[in-house]
Amino acid sequence: MALVLENSQQKLAYEDIIEFNRLFNEKIPSSFLDFFHEFNGGDFPKVNDHNCEYLSGFYSIKYGHSTITRMYNELLIENPELQLMLPFAYDHNLNSYLISLKEEDYGTIYLWSNEEQGIAHVSNSFDDFIQLFDDLIDAVEIKKVSNNLKNRIVKTAIIVIAIFIAWYIFTKK
């Protein structure tokens with residue numbers, strides 16, 4: 001299953017992508033730019049009527065209130081050590097996922113914890129990051145199908161038992 005976002009901002013022109021990439025000395029991975037060209041931010045799809053606790057949504061490159069550059073500038077005010085670490089997504093606690101544009105760990109994805117004021121490694125690339133959440137969606141969908149099947153089996157068993165009891169009572173009279 002391919003990851004799909006809801007409530008994305010206005011679609012970007014290629015010029016918007018090129019301009020954004022220039023802001024960061026054309027260091028942004030192409031898969032990252034391709035993803036944001038397709039979605040330009042948005043919300044992670046609802047899973048079992050709740051947002052996934054690990055990923056709530058993506059910031060946009062342009063348009064909307066929470067753009068990547070705005071979030072980046074706000075993050076740098078209090079955390080200058082996060083230079084060249086672009087926030088691009090967030091979880092339910094508004095912690096930010098960052099992609100490193102630094103030479104030593106280029107393309108690596110981290111989670112910035114607002115509460116702990118620290119980062120934790122998430123994946124080695126943006127593609128791996130997206131795959132993690134594709135797999136999560138697939139796992140939730142499989143669990144839904146499994147739960148629906150279990151519910152049907154239980155309902156069928158109850159009906160069969162009720163029919164058997166009714167038959168038993170009817171034949172004993």
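Select Phe133 first, together with Phe44, Tyr54, Leu55 and Tyr97: setting aside neighbours within four places in sequence, these four are the residues in contact with Phe133. The model is a predicted one. Phe133 belongs to helix α4, which spans residues 126-172. With a relative accessible area of 6%, Phe133 falls under the 20% cut-off and is therefore classed as buried. Now draw a distance between the C-alpha atoms of Phe133 and Phe44; it should read 9.3 Å, although 89 residues separate the two in sequence.

Next, zoom out to the whole chain. The protein contains four helices and six strands, and their order along the sequence is α-α-β-β-α-β-β-β-β-α. Of its 173 residues, 39% are buried. Among contacts between residues at least 6 apart in sequence, 49% join residues at least 24 apart.

Move then to helix α1, residues 14-23. Which residues of α1 are buried? Select Asp16, Ile17, Phe20 and Asn21 to see them. Viewed down the helix axis, these buried residues lie within an arc of 130°, and so they line one face of α1. A general point on helix geometry helps here: an α-helix has 3.6 residues a turn, so residues three or four places apart point the same way. To see what the buried residues of α1 pack against, display α2, α3 (68-78) and β3 (85-90).

Rotate to the face of α1 turned away from its buried side. The exposed residues carried there are Tyr14, Glu15 and Arg22. Beyond the helix, select Asn25, which follows α1 and has a positive phi, near 55°.

Now add helix α2, residues 30-39, to the view of α1. The axes of the two helices come within 10 Å and cross at roughly 140°. At this angle, α1 and α2 are therefore oblique to each other. The crossing of α1 past α2 is right-handed. To display the contact, select Tyr14, Ile17, Phe20 and Asn21 on α1, and Phe32, Leu33, Phe36 and His37 on α2. Colouring this selection by residue class shows six nonpolar residues, two polar ones and no charged ones.

Finally, keep the α1 side of this contact selected and compare it with the earlier views. Ile17, Phe20 and Asn21 take part in the contact with α2 and are also among the buried residues of α1. Tyr14 likewise takes part in the contact, yet Tyr14 is listed with the exposed residues on the face turned away from the buried side.

How values were computed. Residues numbered from 1 in each chain as written. Predicted model: local features only at pLDDT ≥ 70, side-chain atom pairs only at ≥ 80, totals over all residues. Heavy atoms only, no water. Axes fitted to C-alpha atoms, helices over the stretch in contact; angles between N-to-C directions. Parallel < 35°, antiparallel > 145°, perpendicular 65-115°, else oblique. Left-handed = near helix turned anticlockwise from the far one by under 90°. Contact = heavy atoms within 4.5 Å. Nonpolar A, V, L, I, M, F, W, Y, C, P; charged D, E, K, R; others polar. Buried < 20%, exposed > 50% of the residue type's maximum accessible area, 1.4 Å probe, protein only. Arc of directions from axis to C-beta.
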